Amino acid sequence: MRILNYMELKISSKSQNEAFARVAVAAFVAQLDPTLDEVTEIKTAVSEAVTNSIIHAYEDKIGEIIIKGKIYENFVVEIEVTDFGKGIEDVELARQPLFTTKPDEERSGMGFTVMETFMDKVEVTSEVGRGTCVRMFKTIKKRKSEGVEIEQSFPGGIDK
């Protein structure tokens, strides 16, 4: 699949940067003329991924978060959020709804579930002591104003 455009953003893992990250990604995706719902879903997924890095990867220290965005042909957007924090011991367990490593804090354990709900595909790779990379894909529907509304799809399909 051919990349039409890309961006990279590096932020420190301060909670103040979460809003900046989701707005920056929304501005990048805006070139595809997404619906308000599509933008909101992408912003929410990015917010969850960045918040996971801030809260879980680095806990009480400041680290680096890299956010990459790619726009592919066929209106497919890829957003990648990478941290270099403590990593996730069991990714499949961490992806279970309501799972949290911080039950004593007000954490819902729904971060990955929210990402999976709003995006077409979510991939998570992690290594303990080295960090985590979350790759999220979403296909933006082509608008009626551009002719016929068609359901774009990820070539070869997207398996959730």
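These are my notebook entries on the fold, the core and a few single residues of a predicted model.

**Entry 1: overall layout**

I started with the secondary structure of the protein chain, which comes to 4 helices and 5 strands, and reading along the sequence I found the pattern β-α-α-β-β-α-α-β-β. I then looked up burial for the chain as a whole, and of its 160 residues 44% count as buried. For the accessible surface I noted a total of about 8,900 Å², with 49% of that belonging to carbon and sulfur atoms. I also checked how far along the sequence the contacts reach: among those between residues at least 6 apart, 64% join residues at least 24 apart.

**Entry 2: the sheet**

Next I traced the strands, which form an open sheet of 5 strands in the order S1-S2-S3-S5-S4, with antiparallel pairing. S1 and strand S4 (121-127) stand at the edges with a single partner strand each, so one side of each of them has no neighbour in the sheet. On average, neighbouring strands of this sheet are turned by 10° against each other, direction ignored.

I spent some time on strand S5 (residues 131-139), which pairs with S4 in the antiparallel sense over 7 bridges and with S3, also in the antiparallel sense, over 8 bridges. Two of the individual bridges I wrote down are Glu-127 with Gly-131 of S5 and Glu-80 with Arg-135 of S5. S4 and S5 make a hairpin with 3 residues between them, and in the turn Gly-129 has a positive phi of about 85°. When I asked how covered S5 is, I found that 8 of its 9 residues are buried.

**Entry 3: helices against the sheet**

I then looked at which helices lie across which strands. Helix H2 lies across S1, S2, S3 and S5, and its direction is at about 175° to that of S5. Helix H4 (residues 111-118) lies across S4 and S5 instead, running at about 25° to S5.

For helix H1 (residues 16-29) I listed the buried positions, which are Asn-17, Glu-18, Ala-21, Val-25, Ala-26, Phe-28 and Val-29. I recalled that an α-helix has 3.6 residues a turn, so residues three or four places apart point the same way. The cover over the buried residues of H1 includes strand S1 (3-12), H2, strand S2 (64-72) and S3.

**Entry 4: the nonpolar core**

Which residues of the largest nonpolar core touch the most other members? The core has 34 residues, and the ones I was looking for are Val-50, Ile-67 and Met-136. Helix H2 (residues 36-57) gives the most to this core, contributing 8 residues.

I followed Ile-67 further and, leaving aside residues up to four places away in sequence, found that it touches Met-7, Glu-8, Leu-9, Ile-11, Ala-21, Val-25, Val-50, Ile-79, Glu-80 and Val-81. Among these neighbours, Ala-21 and Val-25 are buried residues of H1, while Val-50 is another of the core members named above.

**Entry 5: Glu-78, a buried acid**

Is Glu-78, in strand S3 (residues 76-83), buried or exposed? Its relative accessibility is 2%, and because the cut-off for buried is under 20%, Glu-78 counts as buried. I looked for a polar partner and found that the side chain of Glu-78 makes a polar contact with the side chain of Arg-135 at 2.8 Å. Not counting residues up to four places away in sequence, Glu-78 touches Lys-68, Gly-69, Lys-70, Tyr-72, Arg-135, Met-136 and Phe-137.

**Entry 6: Asp-37, an exposed acid**

For contrast I looked up Asp-37, which lies in helix H2 and is exposed, with a relative accessible area of 57%. Its C-alpha atom is separated by 9.7 Å from that of Phe-118, although these two residues are 81 residues apart along the chain.

**Entry 7: positive phi outside glycine**

Last I checked backbone angles, bearing in mind that most residues other than glycine have a negative phi. Glu-59 has a positive phi, near 45°; it sits in the loop between H2 and S2 and, at 38% relative accessibility, counts as partly exposed. Asn-74 also has a positive phi, near 70°; its place is the loop between S2 and S3, and at 34% relative accessibility Asn-74 counts as partly exposed.

Key:
Residues are numbered from 1 along each chain as its sequence is written. This is a predicted model: local features need pLDDT of at least 70, side-chain atom pairs count only at pLDDT 80 or more; totals for chains, interfaces and linings use all residues. Side-chain values use heavy atoms; hydrogens and water are left out. Buried means under 20% relative accessible area, exposed over 50%, partly exposed in between (1.4 Å probe, protein chains only). A polar contact is a pair of N or O atoms within 3.5 Å; within protein, one must be able to donate a hydrogen and the other to accept it, and residues adjacent in sequence count only if both atoms are side-chain atoms. Contact means heavy atoms within 4.5 Å. A nonpolar core is a set of buried Ala, Val, Leu, Ile, Met, Phe, Trp, Tyr and Cys residues joined through side-chain atoms within 4.5 Å. Two strands pair if DSSP finds at least two bridges between them. Axes are lines fitted to C-alpha atoms, for helices over the stretch in contact, and angles run from 0 to 180 degrees between N-to-C directions. Accessible areas come from the Shrake-Rupley method with a 1.4 Å probe; for residues, only the protein chains shown count as cover.
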